[in-house]
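Morning, everyone. I have one structure to walk through today. Please look at the display first.

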Amino acid sequence: MAFHEINLPTSTSPNTLETKEPPVFEMPADPNLASEFHKRLIHMIAEFETSLDEHHEVGIRLVSFGQNVTLRVEGIGYFDPSLIRFFGTAEGGASMELIQHVSQISFLLMAVKKADPANPPKRIGFKVEEE
C-alpha cells in the first residue's frame with residue numbers, strides 16, 4: 001500500500017493557478033476505496049472552486065470537533081483502503097493535518113479570504129494522475 005497526496009503548485013504563474021474543469025468519473029470497481037473517495041472529493045472541491053472570486057480560496061470547516069475549526073486546504077491525500085488526509089493551515093497560520101477514515105468524514109466547503117492579499121488566490125487546480 002502507498003500513501004498518495006496532491007499538493008498545490010509551488011509556482012505562482014497564472015497557468016498553474018488556473019481552475020481546471022472538474023473531471024468526470026465512471027463508477028469504479030470498488031467505490032469504497034479511499035482512492036476512489038479521494039477522486040470524488042477532488043471533483044467536488046474543483047467544482048466549488050469555480051464559484052470563487054479573486055479574493056477567496058478554498059477552506060473547509062471541520063464539523064466533528066465541537067469547536068469552530070477552519071482549514072485552508074493545501075492538499076488532500078489517501079491511503080487505501082480507507083484513510084483520507086487533509087492538510088493545510090489554520091486561520092492563524094498554524095499547520096494542520098486531518099487524517100480520517102472515509103466513513104467519518106464530514107466537513108463544510110467554504111470560501112475563505114486569501115492568505116496573501118498581494119498575490120492572486122491559490123487555486124488547488126487538482127489534477128488526478130493515472131496510476
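Start in a loop. Val102 sits between β5 and β6, the latter covering 107-113. Keep in mind that this is a predicted model.

Is Val102 buried or exposed? Its relative accessibility is 14%. The cut-off for buried is under 20%, so Val102 counts as buried.

What does Val102 touch, beyond residues up to four places away in sequence? Asn32, Ala34, Phe37, Ser82 and Ile84. Take Phe37 from that list. Val102 and Phe37 are 65 residues apart along the chain, yet their C-alpha atoms are separated by 7.3 Å.

Phe37 leads us to the core. The largest nonpolar core has 19 residues. Which of them touch the most other members? Phe37, Val58, Ile60, Val73, Ile76, Ile84 and Phe86. Four elements give two or more residues to this core: α1 (34-49), β2 (56-62), β3 (69-79) and β4 (83-90). Of the elements, β3 gives the most, with five residues. As a general remark, nonpolar side chains tend to be buried together in soluble globular proteins.

Now Phe86. Leave out its neighbours within four places in sequence. Phe86 is then in contact with Leu41, Ile60, Leu71, Gly75, Ile76, Met96, Glu97, Leu98, Ile105 and Phe107. Two of those names, Ile60 and Ile76, were also on the list of core members with the most partners.

Next, strand pairing. β4 and β5 run antiparallel, and seven bridges join them. β5 spans residues 95-101. Ile84 comes back here: Gln100 in β5 stands opposite Ile84. Recall that Ile84 is also touched by Val102.

How many residues lie between the strands of this hairpin? Four. Within the hairpin of β4 and β5, Gly93 takes a positive phi near 100 degrees.

Last stop, cavities. How many reach 30 Å³ or more? The count is one. The largest cavity has a volume of about 30 Å³. Its lining is Thr70, Leu71, Arg72, Thr89, Ala90, Glu91 and Val112. That divides into three nonpolar, two polar and two charged residues. β3 and β4 each supply at least two of the lining residues. β3 gives the most, with three. Leu71 links two parts of this talk: it lines the cavity, and it is in contact with Phe86.

To recap β3: it gives the most to the largest nonpolar core, and it gives the most to the lining of the largest cavity. Thanks, I'll stop there.

Notes:
Residues are numbered from 1 along each chain as its sequence is written. This is a predicted model: local features need pLDDT of at least 70, side-chain atom pairs count only at pLDDT 80 or more; totals for chains, interfaces and linings use all residues. Side-chain values use heavy atoms; hydrogens and water are left out. A nonpolar core is a set of buried Ala, Val, Leu, Ile, Met, Phe, Trp, Tyr and Cys residues joined through side-chain atoms within 4.5 Å. Buried means under 20% relative accessible area, exposed over 50%, partly exposed in between (1.4 Å probe, protein chains only). Contact means heavy atoms within 4.5 Å. Two strands pair if DSSP finds at least two bridges between them. On a 1 Å grid over the protein atoms alone, a cavity is a set of points where a 1.4 Å probe fits but cannot get out, and a pocket is an open set with protein on both sides within 12 Å along at least five of seven lines; lining residues have an atom within 4 Å of a point. Grid points are joined across faces, edges and corners, and a volume is the space filled by probe spheres set on the points. Ala, Val, Leu, Ile, Met, Phe, Trp, Tyr, Cys and Pro count as nonpolar, Asp, Glu, Lys and Arg as charged, and the others, Gly among them, as polar.
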